[in-house]
Amino acid sequence: MHTMKRQRNYGRTLGILAMAAGLFSPLAAARQQTTAPGTEIPVPATQAAATPAQPPQTGAAQAAQQPETPQVLHLLVGRSLVITSPTKIKRVSLADPNIAEVDVVTPYQVVVNGRSPGGVSLILWDEAGQSQSFEVSVDIDVLGLAQKIHEVFPSEPVQIETSGSVVMLSGKVSSAAVADKILEVVKNSVPKVTSLMEVPRAPEAEVALQVRFADVNRSAVQQLGVNLIRTFGSNMPMSVSTQQFAPPELGTLTSTTTNGTTSTTSTSGQNTFSLSDILNIFIYRPDINLGATIKALQTSNLLQILAEPNLLTQSGKEASFLAGGQFPYPVVQSVASGTSGAITIQFKEYGIRLSFTPTVTQDGLIHLKVQPEVSSLDYSNAVTIQGFTIPALQTDRVQSEMDLRDGQSFAIAGLLDNRVIKQFEKVPGIGDIPILGKLFQSRTLNKSDDELLIVVTPHIVHPLSPAELPQGPSFPIPFLRPVTPEGQKPPSQ
């Protein structure tokens, strides 16, 4: 009796082991492995444990023992997962070792390590030929990233989810600036980010910008110089100049005689001087053949610009303003080689220019991007080409961004530009004589003082209803008398 009970107990134990042969229990464990990944890793024969012999099974029996759907295992990048089997593991197969790697540590345990985001299939076989399939899903570890965002932005309900190698951000944030900062923090940690965060829309409003320009430009010029000329007959002409103010040019006297169709040109050999500019003082003594051109000039210029443009635009849209004009300037067009280029006329704008883009934020602030510009024609630096004078442009430009409340004012630029340009030339030696040397010296002094002030004031305006329309001006004398219908004319007196 005791022998039969033992046989029955032994047979019952074998039946229980046979039922548990195809079952595996995954167990998560945080451990690091350094084994190189492989697609198929056999179990060493020396590590095999003694197990009851199982009869060979046909393919239909093996298919009946396999589960219909594989088990799903979730794993994070850089983390490990331990799978424990009740039977010895004989063979391991992994679809893509770039996503995960598997390592057999004991005949009954394997370790799966996550390498990169993605999904991969894992199959384990025991010594009896039975297999078990797993679908390993490797995701990005965003737990530390979520904690960091919640520490920096504790009042922002941001959710972080992963889908393969993409991190998705969702939730409602307080402003677009906060959403940009959160997105920047996540981009520094993961390569692929998709933002699904909801940003509150800014209120639609009209913004009026009041700008005041004040530009004062003062300049003063002092010029002093002397050019001396002396012929001394035809053998020894003389000219003394510092070359600063239009010096005289030496030449010879020529005459042309025409007799019918024949023209004869003769040179007398007498030296002459030609003056392209007699400056503003010219002295000549014909009895001694001595002349002098003197540049003694003092000028003072004053330019004052005051403008107060007012612009109105919608929040988020750009508006521009120009009070000035256009001046023409020639442009040479490119043509084929060997031919002269055609000249066309183009126009360039100058004057008071203003461009600004306002954006009304959720908290009522006005984010303002403004670019004012003041330009004027500068004939002191003009260029003369073939008799045409092309002036230069003197431009003051400022570009700035700031946040203001309704009615607040700020000064973009209070520019003070003081310049002094001094040029001094003299003839060496003779120009150093105390009194007489002044005739052999020339100097130019140019002073300029430019002051620019720009004050900007934004206002949030709202359209008026028909009942709020302001009344027009009242005139004491009407322009036209009211028209009376023909049948209602009063009888003539």
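Biologist: Let's start small: in strand 6, which residue is the bridge partner of Val104?

Modeller: That's Val110. Keep in mind that we're looking at a predicted model.

Biologist: And how do you know that strand 5 and strand 6 pair?

Modeller: Two strands pair if there are at least two bridges between them. Six bridges join strand 5 (residues 100-106) to strand 6 (residues 109-114), and the two run antiparallel, so by that rule they count as a pair. They also form a hairpin, with two residues between them.

Biologist: What makes strand 5 mostly covered?

Modeller: Five of its seven residues are buried. Buried here stands for under 20% relative accessible area.

Biologist: Then why is Phe327 called buried, and what is Tyr329 called?

Modeller: Phe327 has a relative accessible area of 8%, and the cut-off for buried is under 20%, so Phe327 is buried. Tyr329 has 24%. Exposed would need over 50%, so Tyr329 falls in between and is partly exposed.

Biologist: How many aromatic pairs are there, and why is the pair of Phe327 and Tyr329 called tilted?

Modeller: The count is two. For Phe327 and Tyr329, the ring centres are 6.1 Å apart, and the limit for a pair is within 6.5 Å, so they pair. Their planes stand at 45°; stacked needs under 30 degrees and edge-to-face over 60, so tilted is what remains. Ring pairs link Phe327, Tyr329 and Tyr350 into a cluster.

Biologist: What about the surface: which residues make the nonpolar patch?

Modeller: Val332, Ile343, Ile345 and Phe347 make it, with an area of about 430 Å². Strand 20 (residues 343-360) gives the largest share, three residues, while Val332 is found in strand 19 (residues 319-332).

Biologist: Why is Val332 called exposed?

Modeller: Its relative accessible area is 60%, and exposed means over 50%, so Val332 gets that label.

Biologist: One more topic, the open sheet. What is its strand order, and what makes strand 2 and strand 4 stand at the edges?

Modeller: The order is 2-8-7-4, four strands with mixed pairing. Strand 2 (71-76) and strand 4 (89-94) each have a single partner strand, so one side of each lacks a neighbour in the sheet. On average, neighbouring strands of this sheet are turned by 25° against each other, direction ignored.

Biologist: How do you know that strand 7 and strand 8 pair?

Modeller: Strand 7 (residues 118-126) and strand 8 (residues 131-139) share eight bridges in the antiparallel sense. At least two are needed, so the pair qualifies. One of the bridges joins Ile123 to Ser133 in strand 8.

How values were computed: Residues numbered from 1 in each chain as written. Predicted model: local features only at pLDDT ≥ 70, side-chain atom pairs only at ≥ 80, totals over all residues. Heavy atoms only, no water. Patch = residues over 30% accessible without salt bridge, like charges linked within 9 Å, V, L, I, M, F, W, Y side chains within 5 Å. Areas by Shrake-Rupley, 256 points an atom, 1.4 Å probe, with all protein chains shown as cover. Salt bridge = Lys/Arg side-chain N within 4 Å of Asp/Glu carboxyl O. Buried < 20%, exposed > 50% of the residue type's maximum accessible area, 1.4 Å probe, protein only. Axes fitted to C-alpha atoms, helices over the stretch in contact; angles between N-to-C directions. Phe/Tyr/Trp six-rings, centres within 6.5 Å; stacked < 30°, edge-to-face > 60°.
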